[in-house]
Amino acid sequence: MKVYINGKFYSEKNSKISVFDHGLLYGDGVFEGIRAYHGRVFKLKEHIDRLFYSAKAILLNIPMSKQQLMDATVETCRKNNLNDGYVRLVVTRGAGTLGLNPNRCSNPQVIIIADTIQLYPASLYKKGMEIVTVATTRNHHNAVNPAIKSLNYLNNILAKIEANTAGYEEAIMLNSEGYVAECTGDNLFIIKDNQMFTPSLSSGALHGITRQTSIDLVGELGVPTSEPNLTRYDLYNADECFLTGTGAEIVPVVKIDERKIGNGKPGKITKKLVKAYQELTKVSGEPINKIK
Ligand code: PXG
């Protein structure tokens, strides 16, 4: 594997970052998780845009243009012969002194790793996932805004630990007002009476790229989406539920806090969306090898 760091490629063994990097010391930095399908980088522009928004929010200056970063991402896939897989883009605050002050950090580190990912077993997508609500509250937007895809994922990890210790793969996180925000690494959707609902960004959902794609694809099926405050009661009484994320893609949910959702099987619209999403990944994206 060849890893991109600041414009150069290194072997896995030689891919090294300073122990004084504030990305490590304080989780001070931002990242993106991107997929490649069939030799194309899926939704690359959207991911790069979001990375720059995250960086802006934490006053981190990415030392490259968007186009340069897109080119570097595609180049990293090419160098690794990655036709289908997962790209992790990381920008850290860079090495500094001990102490929080980001102004003492000089060089933001731009890292691109091209690898594979499988978050859940294939069987789970067929039979659907059972998930639970956990006690860990999603970050308040005045603390760390959930829109920022920062290197500090402890909020999500704590929720994931709660789910795992209870014997579940994924957790529903509520915001500080008790409304549904999202899962630890995925956005959440429900379908009720042929309408789709998902938590708004202001209720603590990440502006998920798979979320937006799902809203668009389900819209094409004639199902409108709205973003009201959602309570657990709304989830329990939904006809269908599913999660969306770059890593997990579209995951049907069949049980929430032991309440069966719909008939306890992946829903009709959910299954149509899974299919439409797979079709889209076949034809869309930035080609890794320009000559096709
Ligand atoms: N919410 C959170 C908190 C996320 O981290 C999503 C929603 C879905 O957003 P996208 O843009 O991916 O549709 C995410 C993204 C992993 C992993 O390693 C997690 C994500 C993406 C890729 C890999 O668990 N989460």
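**Exercises on the ligand site**

In this predicted model, a backbone N or O atom of Gly185 is placed 3.1 Å from a nitrogen atom of the ligand. With the ligand taken alone, 540 Å² is exposed, and the protein buries 89% of that area.

**Exercise 1.** Determine which side chains place a polar atom by an oxygen atom of the ligand.

*Solution.* Begin with Arg50: an N or O atom of the Arg50 side chain is 2.7 Å from a ligand oxygen atom. Turn next to Tyr153, where a polar side-chain atom lies 2.5 Å from an oxygen atom of the ligand. Tyr153 also appears among the residues that come nearest to the ligand, together with Glu182, Ile209, Thr210 and Thr246.

**Exercise 2.** Describe where the ligand sits and which parts of the protein supply its shell.

*Solution.* First, the location: the ligand occupies the largest pocket. Second, the elements: at least two shell residues come from each of strand S5 (85-92), helix H6 (209-220) and strand S13 (240-245). Third, the domains: domain 1 (2-115) and domain 2 (122-281) each contribute at least three residues. Finally, the classes: the shell holds 6 nonpolar, 10 polar and 6 charged residues.

How values were computed:
Residues are numbered from 1 along each chain as its sequence is written. This is a predicted model: local features need pLDDT of at least 70, side-chain atom pairs count only at pLDDT 80 or more; totals for chains, interfaces and linings use all residues. Side-chain values use heavy atoms; hydrogens and water are left out. A residue is near a molecule or strand if one of its heavy atoms lies within 4 Å of it. A polar contact is a pair of N or O atoms within 3.5 Å; within protein, one must be able to donate a hydrogen and the other to accept it, and residues adjacent in sequence count only if both atoms are side-chain atoms. Accessible areas come from the Shrake-Rupley method with a 1.4 Å probe; for residues, only the protein chains shown count as cover. On a 1 Å grid over the protein atoms alone, a cavity is a set of points where a 1.4 Å probe fits but cannot get out, and a pocket is an open set with protein on both sides within 12 Å along at least five of seven lines; lining residues have an atom within 4 Å of a point. A molecule sits in a cavity or pocket if more than half of its atoms lie within 2 Å of its grid points. Helices (H or I, at least four residues) and strands (E, at least two) are DSSP runs, numbered from the N terminus. Ala, Val, Leu, Ile, Met, Phe, Trp, Tyr, Cys and Pro count as nonpolar, Asp, Glu, Lys and Arg as charged, and the others, Gly among them, as polar. Domain bounds come from an automatic or database domain assignment.
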